[in-house]
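Reader: I would like a close look at one part of this model. Please set it in the context of the whole chain afterwards.

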Amino acid sequence: MAEVCILGTGYVGLVTGVGLAHLGHQVVCVDIDEKKIDTLSAGRLPFYEDGLLELVQNGIYNGRLSFTTSLSKGLRKADYVFVAVATPPKESGEPDLSQLFSAVEEIAELSNGQLVVIIKSTVPVGCFKELGTILSQEELTLVCCPEFLAEGAAVQDFFHPSRTIVGADDEKVARQVVALFDGVTGPRIYCDIETAQLIKYASNSFLASRIAFINELSRMCEYFGVDVRNVESGILLDPRFGNTYLQSGIGFAGPCLPKDLAALVHTAKTVGHDAIVCKAIEAQNQQQLDHAVKQICSLVETGDKIAVFGISFKAGTSDVRNSFSVEIIKRLEARGYNVVASDPVANDYAADYLKQLGIQVMENPWSTARGSAAQIFLTGWPQYRALDMNRLFKVVKSPRIFDGPGIFDQKVVEEIGFQYLGIGRVGTSRRLVIVEKKNKFTEMAVGGVKRVKYFVV
């Protein structure tokens, strides 16, 4: 068992701390936000993340997890300190490292002995040399341990990661850090710090490229009358491509992919390289957002009531930071539409901000949809897949659906009476049928319908 301090209780810091406590370590989580620390100490969460609440409560109950605003208290017995503070992007795309440097400086000042400082925050290549200068006068060792937690599946990703990567100058120290995660699955990689950083940036930028690629293709599908879901299914039969992050929609958003992509572009610029591929991905993503707004506006007239379903940047999280849903709501309101919005878990996190824009936030989908001229689905929550569409049809003024994440079967909702508009979706394209050996075939349904196998006699 190790004594661990976690500095920062956002998604990364809190999940990491709670996970390590569950693995048997003694963990103290530190944050300067008194309200957040009071909330956590009471066994409640400051944000929604599936499966996290029970782990927090169990950690407190068994005495392995505690919370404080005092870094001095957090470091008192610590062998390891994880730094998981925010590094938000500046207008240039360069990460703002002020919180990181302040944290490391305070750690150096308060440390009383040997301590391994593990950077979880995503920071640009070259930054560790400056951080090392701060720690050089102390018996402190600097390590990079990039995070690969997807919001909405962060707990699952902690215990079953695709890989654990530790970058350090000393392999012995790297092995010690990896040993903290004994009990989780997945391969473990030791490497130098710069390699670890580039793996992190490259991973998120590559995921962004897949989304940008299929969104670019979706526009061609609309032009040629092809259903993009069929194209996606056909592509993903190739095992080289994997089966994730190839679904068209309104674009990628949130606190990670856009930030890391912008940071990689900026990092390239600092060494005189023009990252044209990465910049093209950024440009396509903004173009996709513009296209989604244009499609929505084609359904309604100025002054109409628009019901928006989904405020968080994706399903499974309450996080509304850099949410394309919020951006679309802002643009629709600026164009003179009467926008009403709702989300299964993010209402409380977005309500104050949206109310400042004059946007009404409703508690349930029925009050949101009542009297609306268009029903705009922007986040792929499973709750929306399960909606009683016949009931929805009865409460709206005009049954017009915009399906941003592609959660509905177009044929089903059109049979109910809805006008349907989606990204790269058309009504004339047939289902994709894959013929297999022995007269067996699988019909891969589109629109989020579960795949059903058929056998030919």
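In which loop is Asp192 found?

Author: Asp192 is found in the loop between strand 8 (188-191) and helix 9 (193-224). Helices (H or I, at least four residues) and strands (E, at least two) are DSSP runs, numbered from the N terminus. This is a predicted model, in which local features need pLDDT of at least 70 and side-chain atom pairs count only at pLDDT 80 or more, while totals for chains, interfaces and linings use all residues. Residues are numbered from 1 along each chain as its sequence is written, and side-chain values use heavy atoms, with hydrogens and water left out.

Start with exposure. Asp192 counts as partly exposed because its relative accessibility is 34%. The classes are these: buried means under 20% relative accessible area, exposed means over 50%, and partly exposed lies in between (1.4 Å probe, protein chains only).

Asp192 also belongs to a negative surface patch. Its partners there are Asp169, Asp170 and Glu194. Patches are made of residues with over 30% relative accessible area and no salt bridge; like charges are joined within 9 Å, and nonpolar side chains (Val, Leu, Ile, Met, Phe, Trp, Tyr) within 5 Å. Lys and Arg count as positive, Asp and Glu as negative, and His and the chain ends are not counted. The place of a charge is taken as NZ of Lys, CZ of Arg, CG of Asp or CD of Glu.

Strand 8 (188-191) precedes the loop. Arg188 forms a salt bridge with Asp182, with the closest N and O atoms 2.8 Å apart. A salt bridge is a side-chain nitrogen of Lys or Arg within 4 Å of a carboxyl oxygen of Asp or Glu. Arg188 is partly exposed, at a relative accessible area of 33%. Asp182 is partly exposed too, at 44%.

Now helix 9. Phe224 lies in this helix. Phe224 counts as exposed because its relative accessibility is 58%. Together with Met220, Tyr223 and Val226, Phe224 makes a nonpolar surface patch of about 470 Å². Accessible areas come from the Shrake-Rupley method with a 1.4 Å probe; for residues, only the protein chains shown count as cover.

Other salt bridges lie elsewhere in the chain. A search of the whole structure finds 14 of them. Arg321 pairs with Asp319, and their closest N and O atoms are 2.6 Å apart. Arg321 is partly exposed at 45% relative accessibility, whereas Asp319 is buried at 5%. In another pair, Arg331 bridges to Glu327, with 3.1 Å between the closest N and O atoms. Both residues sit in helix 13 (residues 324-334), four residues apart, about one turn of the helix. Arg331 is buried, with a relative accessible area of 19%. Glu327 is partly exposed, with 24%. Salt bridges that share partners also join Glu147, Lys200, Lys259 and Asp260 into one network.

Last, the whole chain. The secondary structure comes to 18 helices and 17 strands. The radius of gyration is 24 Å, close to the 23 Å that the globule rule gives for 457 residues, so the chain is as compact as a globular protein of that length. That radius is taken over C-alpha atoms, and the rule is 2.2 Å times the number of residues to the power 0.38. Along the principal axes, the C-alpha atoms fill a box of roughly 70 × 50 × 50 Å. Of the 457 residues, 53% count as buried. Leu40, in helix 2 (residues 34-41), is one buried residue, at 0% relative accessibility.
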